[in-house]
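Reader: I am in my first year and would like to learn how to read a protein model step by step. Could we go through one together, with the reasoning spelled out?

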Amino acid sequence: NMTGVRIKMRKYPFSKKKYSLFYYDNGKKFESFVPESLVARKDIYLYPTLPFLRKVEYTDNDDLIYPEPIDYLCKNSNGTFNLSGNFENINKFKRKSWLFQSEWRYGFIIFPHDEKGCLNMQLEANAKDLPFYFYDFEITEEALEDIEILTGPKMHPGDKELLKILCEKYCPNAVVKESQLQIN
């Protein structure tokens, strides 16, 4: 209802670490912004090579907005999986009606699995089986040093005062701007 805020931050406000996963490229090390708490989970497989941050592209092509990523899934005799497909288009496209947002998105792909390591690829039918519906990444304290906050055009004066108090406590260098939109 235009009473919230928009927060502008540096591109990567998260900690970056090196990991290796036995199932990814024979344990080859890779850098990731995915936190250790997710990498250590025993009920998911991470797909670490997608661009973590990317600009959204706008289209009305349903094949791009709703891609079919999995082409091939095969369980090997040693318990590992071969998985192929095009994961590059996941979360990359949005309808043209949202073009005004000029959005950028963070994204990573996980595959939930059962206690035997078997992937559950029927997620839309079994949403209750997902290990979580969302994951909040922690932002580093350094990232709060240079944020910019734009208040919504209908933000209540009391909420603006609360915002001021929060900024004084948690990010005293924040630049707070008021929206120039005139909306009744």
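**Reading the model, question by question**

Author: Met2 lies in the segment before S1, and we can begin there, keeping in mind that this is a predicted model.

Reader: What is the sign of phi at Met2, and about how many degrees is it?

Author: Most residues other than glycine have a negative phi. Met2 is not a glycine, and yet its phi is positive, with a value of about 60°.

Reader: Is Met2 buried, partly exposed or exposed?

Author: Buried means under 20% relative accessible area and exposed means over 50%. Because the relative accessibility of Met2 is 42%, this residue counts as partly exposed.

Reader: What separation do the C-alpha atoms of Pro153 and Met2 have?

Author: Pro153 sits in the loop that runs between strand S12 (148–151) and helix H3 (157–170). Setting aside neighbours within four places in sequence, Pro153 is in contact with Met2, and also with Ser179, Leu181 and Ile183. Although Pro153 and Met2 are 151 residues apart along the chain, their C-alpha atoms are separated by 5.9 Å.

Reader: Which class of exposure does Ser102 belong to?

Author: Ser102 is found in the loop between strand S9 (93–94) and S10, and its phi, near 45°, is positive in a residue other than glycine. Since its relative accessibility is 42%, Ser102 counts as partly exposed.

Reader: Which residues lining the second largest pocket are closest to its centre?

Author: The second largest pocket holds about 530 Å³ of space. Strand S1 (5–8) and strand S10 (104–106) each supply at least two residues of its lining, which divides into eight nonpolar, two polar and six charged residues. Of the 16 lining residues, the closest to the centre of this pocket are Ile7, Lys8, Met9, Glu103 and Trp104.

Reader: Which members of the largest nonpolar core touch the most other members?

Author: In soluble globular proteins, nonpolar side chains tend to be buried together. Val39, for example, touches Tyr19, Leu21, Val34 and Leu46 when residues up to four places away in sequence are not counted. Among the 14 residues of the largest nonpolar core, those that touch the most other members are Leu21, Val34, Val39 and Leu46.

Reader: How many residues make up the other core that lies apart from it?

Author: To the largest nonpolar core, helix H1 (36–39) and strand S4 (44–47) each supply at least two residues. Another core lies apart from it, with Ile147, Ile149, Met155 and Leu163 among its members, and its number of residues is seven.

How values were computed:
Residues are numbered from 1 along each chain as its sequence is written. This is a predicted model: local features need pLDDT of at least 70, side-chain atom pairs count only at pLDDT 80 or more; totals for chains, interfaces and linings use all residues. Side-chain values use heavy atoms; hydrogens and water are left out. On a 1 Å grid over the protein atoms alone, a cavity is a set of points where a 1.4 Å probe fits but cannot get out, and a pocket is an open set with protein on both sides within 12 Å along at least five of seven lines; lining residues have an atom within 4 Å of a point. Grid points are joined across faces, edges and corners, and a volume is the space filled by probe spheres set on the points. Helices (H or I, at least four residues) and strands (E, at least two) are DSSP runs, numbered from the N terminus. Ala, Val, Leu, Ile, Met, Phe, Trp, Tyr, Cys and Pro count as nonpolar, Asp, Glu, Lys and Arg as charged, and the others, Gly among them, as polar. Contact means heavy atoms within 4.5 Å. A nonpolar core is a set of buried Ala, Val, Leu, Ile, Met, Phe, Trp, Tyr and Cys residues joined through side-chain atoms within 4.5 Å. Buried means under 20% relative accessible area, exposed over 50%, partly exposed in between (1.4 Å probe, protein chains only).
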